[in-house]
Amino acid sequence: MNKRNILLIIITLIISILISISIIYIRKPHLDYLLHPRLMLASIDTPKIILTNMKIKKYYDDSLDITFTFEYYIRGNKDIRTSTVRFIPDGKGNYAPGNGL
């Protein structure tokens with residue numbers, strides 16, 4: 001190998017590393033919030049349901065992932081369930097209806 005080929009391989013390697021880092025940086029959450037509202041959603045004549053956590057991740061493309069954690073108390077038994085909803089901006093300053101993940 002001559003020096004020109006080695007230089008070309010090094011430049012290609014550096015460019016591929018920069019592209020990989022930029023892709024990873026764009027895909028990770030920009031902001032991450034964790035809320036503990038402890039809201040009781042139902043109590044009389046229904047199972048007791050409490051919203052315990054809301055985790056909000058905002059990405060660089062302004063999409064949101066919101067994960068809700070609910071506690072269900074059915075006949076004294078505690079059941080914890082989570083649900084994640086993705087909200088995607090519609091380009092008009094609003095968000096399209098959420099899609100469950």
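1. Let's start with Ile-15, which sits in helix α1, the stretch covering residues 3-27. Keep in mind that this is a predicted model.

2. How accessible is Ile-15? Its relative accessibility is 45%, so Ile-15 counts as partly exposed. The label follows because partly exposed covers the range between the buried cut-off, under 20%, and the exposed one, over 50%.

3. Ile-15 also has company on the surface. Together with Leu-7, Ile-11, Ile-19 and Ile-23, Ile-15 forms a nonpolar patch there. The accessible area of these residues together is about 460 Å².

4. Now for the fold as a whole. The protein chain has 1 helix and 6 strands, and reading along the sequence gives α-β-β-β-β-β-β.

5. A few chain-wide values are worth jotting down. The protein chain has 101 residues, and 17% of them are buried. Its accessible surface is about 8,100 Å², with carbon and sulfur atoms making up 62% of that. As for contacts with a separation of 6 or more, 22% of them link residues 24 or more positions apart.

6. My last stop is Ser-63, in the loop between β3 (48-58) and β4 (64-74). Is Ser-63 buried or exposed? Ser-63 has a relative accessible area of 6%, so this loop residue is buried.

7. What does Ser-63 touch, leaving aside residues up to four places away in sequence? On one side of the list are Lys-57 and Lys-58; the other names on it are Phe-87, Ile-88 and Pro-89. If you're looking at the model, Ser-63 in the β3-β4 loop is easy to find from those strand numbers.

Terms used: Residues are numbered from 1 along each chain as its sequence is written. This is a predicted model: local features need pLDDT of at least 70, side-chain atom pairs count only at pLDDT 80 or more; totals for chains, interfaces and linings use all residues. Side-chain values use heavy atoms; hydrogens and water are left out. Patches are made of residues with over 30% relative accessible area and no salt bridge: like charges are joined within 9 Å, nonpolar side chains (Val, Leu, Ile, Met, Phe, Trp, Tyr) within 5 Å. Accessible areas come from the Shrake-Rupley method with a 1.4 Å probe; for residues, only the protein chains shown count as cover. A salt bridge is a side-chain nitrogen of Lys or Arg within 4 Å of a carboxyl oxygen of Asp or Glu. Helices (H or I, at least four residues) and strands (E, at least two) are DSSP runs, numbered from the N terminus. Buried means under 20% relative accessible area, exposed over 50%, partly exposed in between (1.4 Å probe, protein chains only). Contact means heavy atoms within 4.5 Å.
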